[in-house]
Every structure is written in C-alpha cells, then in structure tokens.
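Visitor: Could you take me through one part of this structure up close? I'd like a helix pair, and please start with any term I'll need.

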Amino acid sequence: MEQPAAGTPGTTLEGAKAEPKVPLDKGLFREELCVKALRVPTKQMQQYKTLLSRHLLNKPRMKNTQDIMGDPGHKLVLFSEQISGEEMTRLQITRGGQSMTVGQLIEADDLQVDDARVQVDYSYFPASHILQRILPPGMEVPSAFETVGHIAHLNLREELLPWKHVIGQVLLDKNPRLRVVVNKVGSIENEWRVFQMEVLASAPAPGAADGASASGEASSSGGNRLYETEVRQHGARFRLDFSKVYWNSRLEAEHHRLVREVFRKGDTVLDVMAGIGPFAIPAAQKGCTVWANDLNPDSFLWLRTNIALNKVSARVVPLNLDGREVIRLATRGELPLAAAAAEAAATAAAEADRRGKKGGKPRGGQQRRQHWQQQQQEASIEQQQQGESSDQQPEQQQAGEGPAREPAKEFATEPQQQEQQQEATPASQQHSQQPKKQQPPQPCFPERGGLFQHAVMNLPALAVEFLDAFRGAFDPELWAGQQLPLVHVYTFCRDKEEDCDGMRRRVEAALGGTLDTDPAFHLVRDVAPNKKMYCISFRVPPSIAFAGAAAAAQPAGGQQQQQGHTDGAVEGSPATDMASKRQKVG
C-alpha cells in the first residue's frame, strides 16, 4: 500500500484547508520591565544572592544582577517582576538559622531599595504568554501536545488553523529538545494506522548550515530522517519513523500494565498487531517468548531494528503477515515455520540491499518491500506443500503410538547450524575455529511450534473483527488437555451508544459463539468526548476453539461418536475425543 507523503514546512496535504499564513513578529515582544532591587556591596553580592535566591529574577539567559553606573563598589540584586515593593519587605528568608523578613534584613544591614529596568525580548516569555498575545481574545491557547522523541504532534482545532505555523514555531522555539512540530490532517483511515501530517515548523538538521531545513533529509530506510526518532519506555528503547508507523505515547501505562500485571516469566505471547514492539520487547525483557507480527512492512522493519537494539533477538520472532493468518498458524502449532520463512526473507532482502549499496545502486524502501512480499509468497507456497506432506504421516503416529510429543523449545542460545558444526568438528580444532567476536544468541526454530498463553490484539478500530480467526482454528491434538490462551483485544466504545454488555456482544458475534465466563474490561484511556478505549480479556472457550472439528472427525456412514468423559477436558469437545483415543491405544 502506498504510504501518504509527509508534508513540508509551509505546505498542506490533501484534506487540510489552505489557510493564510500569519507571520511571527518577534520584535513585538521587546519590552522593558520595572523590578525592585537591593543595592548591596559588590564583595558581598554572592552572599545576598544565595540568601534571597528564591525571590530573585530567575529566568533563563537573564542576569539577576546589574552594575550601577558610577558606583563600582555596589551592585543591584533584582527581584522577580511579580514582587512589588510592599510585598518584598514581607518576604521570609533564613539567615544564620533564624527566620526573618527582607524588611528586617534591609534595616539590619542598612541596605537601599532601588528600582531597576530590565530589557526583555521574545526569548524571555513562555509559549503560553506569546500565544495568548498572538491569538484573538477569547480563543483557547493550545497547551498540551504529544511528544514522540524530538517530534511534537498536534491536533489543532479548525479555528486555530490560520495560526498553525505560528503555533508550531513558538512551540519549537520554547522546547529545545524538539526538532519538528507536525499537525494531524484527517483521521486514521488507512490499513497501516498512520495518519497524514503536515510540518508546521522544523529546526535545522544537526550540523547543517544556518537556516537549512531538515525537512528534505533522506534516510537509509527510504523515509525522511526528520521523522526518525527514538523513544524510551520503562527501560526499553524504540526507534521509529513517525510518518510511516503507528505510535502513541499515551499508551505507555497500558504497555506497562499488561507486561507487569498479566504476563508471567516463561509465558509465550502471540502479539498479532505488534507495531514496532511496545508490548513485545518489554515482555521479552521480562522473560517471555514473543511471536510479534505486523502487516505494515515499515513497522516490521522497525520492529526488527528494536529487537536488535534491545538485545532480545533470542526471545522475539518478528513476522510480517496478515493477522488472521498468524492466528491460524499459531493455533495449529505451525508458526515457527512461518517465522523462519519471514526471517529468511528479511535476511535475503538485507543482503541484497547491502550488495546494491556496495555497487553504488542502493535499493529503495519500496523495492525492499516488494522483495519481502515475493519471498513471503514463496515461503507460503512451500509451507502449504509441507503441510500437505505432514497430513500423510503414518497412522501409527496419528493414533497416539510412539513417543509422546514434548512441548516445543522456545529458543536455544546458539544456532542449530553452529551446534551441528561443533559436533562434527574435532575438539582440538574447535578452539582455533572460534570467532574473535562472540556472536549474539540467535533463535533456533523447532520443526513445529508449541502452545501460547496470551494473544494481544492492539488495533482498537478493527481488532474485534479479527476474532473470527480463532473459531475452529485450534489443533485438537496439540491442545488436548491444555489450557486455552487468554486473548487481550482492544476496542473503542462510545458511552452513549454502547456499554460493557454491548462490547461483549460484539466479541461473541465475531467469535461465532458465547464466552464461558465473564470477560474482564479495563479502561485504557479517554480518547475523545464520549469515546473510550478498552482492553477486553477473556479465555477462548473450547466450543469456539474446536468448532467444527468434532463433525469433521465423524466416520463415514453417519456413525455416532463414542461418548466419554476425560478429566481436564470439556465433555464432547475434540480435546476429549483425542484423550479418549489415547487412553484406548494405551
């Protein structure tokens, strides 16, 4: 899918109204302040500054002392502009462990109170004061905005659009850590959950010539380096291109809640809509194994980057597949094969990109995405062929004979290829063949995957619709006697149109059946007036997980299945049938 291009300073994307640009005249803010001051001896000036520090004119890039023309033996110590002469004498200070007023200090030290004049300019005033003076009387001054690394993200109301560039420039000037200010244009309606934006103001790129804008600076990933930033959350680092992937800093508390309170060390987590990894990477840092998937190729690229950045490659497998396909592969225990295919495709694309750069013809981001998609299709065809051949296994194994299946290993600390090579190499030669630099641990994919305890579906606008992929998707043999996973699905709720019962009905309608127990509803945040974001957690019922499997297992001729009851499984479910069959074979 073609990504919407990001705007440049002074331009508006399609969907935004063209508004006249109001210039920012910084000269209008040159003023002279009249403040109260104390005339103190020059040699004792620092002592008085320390004594009065809480009440002085403490502003960035401004001195709170002044020379006195014709009197080098004394200086003026300036008080805050908000303190009048009468208020100054009543201010409380502590001297030598004793409390006293400034008036008592003046009398005890025979000091003189003077008036001082201070020249101030645009740099003196805070952003709220400047915007209040620029905007028409009665118009609300924008005071809150989201920051994503060095990017400020605004969502201005329509009445503020004529002043949007002024607002952006003021916020940029008053927040030294920012490099760019963007405004959201329209709502999130595309497949990748990214929105169109326009640049309101941008700072020069580091090392660029004075006045040179960074808005056109290209990055190696095919995007604009101005939007590439880094965010830190609870010990994890996330790099991203804000113009190409979805990120919401307001969800930090929810990321922390799910990982800290719900996941346990050793759990396996299926992150169906992982984005760049805000759930997956902290979960891996806690000791979970995570299958992290996102359909957006750019999110997949940055997910891989963040996995390497946080050194969790031995616990997180990135995937670039459709959400429903990932669910069906995971519930059948076939996800590691898909993970290996995705890793191989991404590695091949990276190698091709490296060779292209070496030859002076670097591959663009769109070419890499096409290359990955082609590799994914080839891997999917190969996987289907392997699935057909696995259906033709000897009946002895299908009947439960032979060794029982062990849970799949999560990951090994070294690649299988390296282990095999070490086994085939004499011990005397292994030491000489060791690489000088120790390679980071790499995941080893088992032939067939195991179980997972949690499925996270963080796509509030659409995630509930993907729940239909769970119906009848579970392999009865793989999950026989096992606890089915918890699903944590995110959704929006409008207060006046729907309550918790209404959200439950939507979930059950998508699943195609009823839940066995009441789901848990957690309010994540207020998105807008009468619109809230919820996390709904529930365990997949056996009647949904194995729907259709019992009918498919009936023998030809309409013979009735033998009824029985097995401890640890639901009566009449495919899990019970498989357990009964195993008992007979034994």
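Guide: Sure, term first: a crossing is right-handed if the near helix is turned clockwise from the far one by less than a right angle, and left-handed if anticlockwise. Keep in mind that what you're looking at is a predicted model.

Now find helix α4, residues 127-134, and helix α5, residues 164-174. Their axes sit 10 Å apart, and the packing angle is about 160 degrees. Angles over 145 degrees count as roughly antiparallel, so that's the label α4 gets relative to α5. As for handedness, α4 passes α5 in a right-handed crossing.

Who's actually meeting whom? On the α4 side, pick out Ala127, Ile130, Leu131 and Ile134. Facing them from α5 are Val166, Ile167, Val170, Leu171 and Lys174. Sort that contact by class and you get eight nonpolar residues, one charged and no polar ones. Lys counts as charged, so Lys174 in α5 is the charged one here.

While you've got the model open, there's a backbone detail to check in a loop elsewhere. Aspartate 110 isn't a glycine, yet its phi is positive, about 55 degrees. For context, most residues other than glycine have a negative phi. You'll find aspartate 110 in the loop between α3 (102-109) and β6 (112-120), and at 70% relative accessibility it counts as exposed. Histidine 234 is another non-glycine with a positive phi, about 50 degrees; look for histidine 234 in the loop between β11 (228-233) and β12 (236-241).

Notes: Residues numbered from 1 in each chain as written. Predicted model: local features only at pLDDT ≥ 70, side-chain atom pairs only at ≥ 80, totals over all residues. Heavy atoms only, no water. Axes fitted to C-alpha atoms, helices over the stretch in contact; angles between N-to-C directions. Helix = DSSP H or I, 4+ residues; strand = E, 2+ residues; numbered from the N terminus. Parallel < 35°, antiparallel > 145°, perpendicular 65-115°, else oblique. Contact = heavy atoms within 4.5 Å. Buried < 20%, exposed > 50% of the residue type's maximum accessible area, 1.4 Å probe, protein only.
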